[in-house]
Amino acid sequence: MGGSGFTIASAAAGLIKATLSNVKVINAASGIGVGAGAAVHLSYSVVSSNSVAGIAISGGGINIDATTISFNTIGVKQVGGSVDLSNNDLSPQCRHALRRFA
């Protein structure tokens, strides 16, 4: 898959909300992309072997709970927005488990 497995972002004014549970995103560029105007909750999922990042946050916010993030180039890549992590498995095989960019 050349792009993101899931991309959640709002092109218009207003908030778009998404709840993803029990999903598997494997071998995409970015597993899950979160952009401006998005509020996302990800739980009980697997995000693995993605070439750019498992989770890529460029705006909005994501809460990640009870999820396995493994074998991605970057596990969680935060350029903007916010990320809350709780009760997750972040693989040490990721080149970078968590990267925040200013």
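A strand, labelled E and numbered from the N terminus, is a DSSP run of at least two residues. With that term in hand, His41 can be placed in strand E5, which covers residues 38-43. The model shown above is a predicted one, and the paragraphs below go from the whole chain to single residues.

The protein has eleven strands and zero helices. Read along the sequence, the pattern is therefore β-β-β-β-β-β-β-β-β-β-β, where each β is a strand, a DSSP run of at least two residues. The chain has 102 residues, and 44% of them count as buried. The surface that the protein exposes comes to about 5100 Å², of which carbon and sulfur atoms supply 52%. If one takes the contacts between residues with a separation of 6 or more, 24% of these contacts join residues 24 or more positions apart.

The interior may be considered next. The largest nonpolar core has 19 residues, and those that touch the most other members are Ile32, Val40, Leu42, Ile55 and Ile62. The elements that give two or more residues to this core are strand E2 (16-21), strand E4 (30-34), E5, strand E7 (53-65) and strand E9 (74-86). The most is given by E7, with four residues.

Ile32 serves as an example of a core residue. Ile32 belongs to strand E4. Its relative accessibility is 0%, and because buried means under 20%, Ile32 counts as buried. Beyond four places in sequence, Ile32 touches Phe6, Ile8, Leu20, Val25, Leu42, Val47, Gly54, Ile55 and Ala56. One of these partners, Ile55, is 23 residues away along the chain, yet the C-alpha atoms of Ile32 and Ile55 are separated by 4.9 Å.

Leu42 gives a second view of the core. When neighbours within four places in sequence are left aside, Leu42 is in contact with Leu20, Val23, Ile32, Val47, Ile55, Ile62, Asn63, Ile64, Asp65 and Thr67. Among these contacts are Ile32, Ile55 and Ile62, which are also listed among the core residues that touch the most other members.

His41, the residue with which this text began, lies in strand E5. Its relative accessibility is 28%, so His41 counts as partly exposed. Apart from residues up to four places away in sequence, His41 touches Ala18, Thr19, Leu20, Asn63 and Asp65. With Asn63 there is a polar contact between the two side chains, at 2.8 Å. Asp65 is 24 residues from His41 along the chain, and their C-alpha atoms are separated by 7.9 Å.

Attention now turns to how certain strands are arranged side by side. Four strands form an open sheet in the order E3-E6-E8-E10, and their pairing is parallel. Strand E3 (24-26) and strand E10 (89-90) stand at the edges; each has a single partner strand, and therefore one side of each is left without a neighbour in the sheet. Strand E8, residues 68-70, pairs with E10 in the parallel sense over two bridges. Within this arrangement, Ile69 has Leu90 in E10 as its bridge partner.

Strand E6 of this sheet, residues 46-48, contains Ser48. Ser48 has a relative accessible area of 8%, and because this is under 20%, Ser48 is buried. The side chain of Ser48 reaches the backbone oxygen of Ser70 at 3.1 Å. Not counting residues up to four places away in sequence, Ser48 touches Val25, Ile26, Asn27, Ser70, Phe71 and Asn72.

Two loop residues complete the account. Tyr44 lies in the loop between E5 and E6. Although Tyr44 is not a glycine, its phi is positive, at about 50°. With a relative accessibility of 53%, Tyr44 counts as exposed, because exposed means over 50%. Ser49 is placed in the loop between E6 and E7. Its phi is also positive, near 60°, in a residue other than glycine. At 30% relative accessibility, Ser49 counts as partly exposed, because this value lies between the limits of 20% for buried and 50% for exposed.

How values were computed
Residues are numbered from 1 along each chain as its sequence is written. This is a predicted model: local features need pLDDT of at least 70, side-chain atom pairs count only at pLDDT 80 or more; totals for chains, interfaces and linings use all residues. Side-chain values use heavy atoms; hydrogens and water are left out. Buried means under 20% relative accessible area, exposed over 50%, partly exposed in between (1.4 Å probe, protein chains only). Contact means heavy atoms within 4.5 Å. Accessible areas come from the Shrake-Rupley method with a 1.4 Å probe; for residues, only the protein chains shown count as cover. A polar contact is a pair of N or O atoms within 3.5 Å; within protein, one must be able to donate a hydrogen and the other to accept it, and residues adjacent in sequence count only if both atoms are side-chain atoms. A nonpolar core is a set of buried Ala, Val, Leu, Ile, Met, Phe, Trp, Tyr and Cys residues joined through side-chain atoms within 4.5 Å. Two strands pair if DSSP finds at least two bridges between them.
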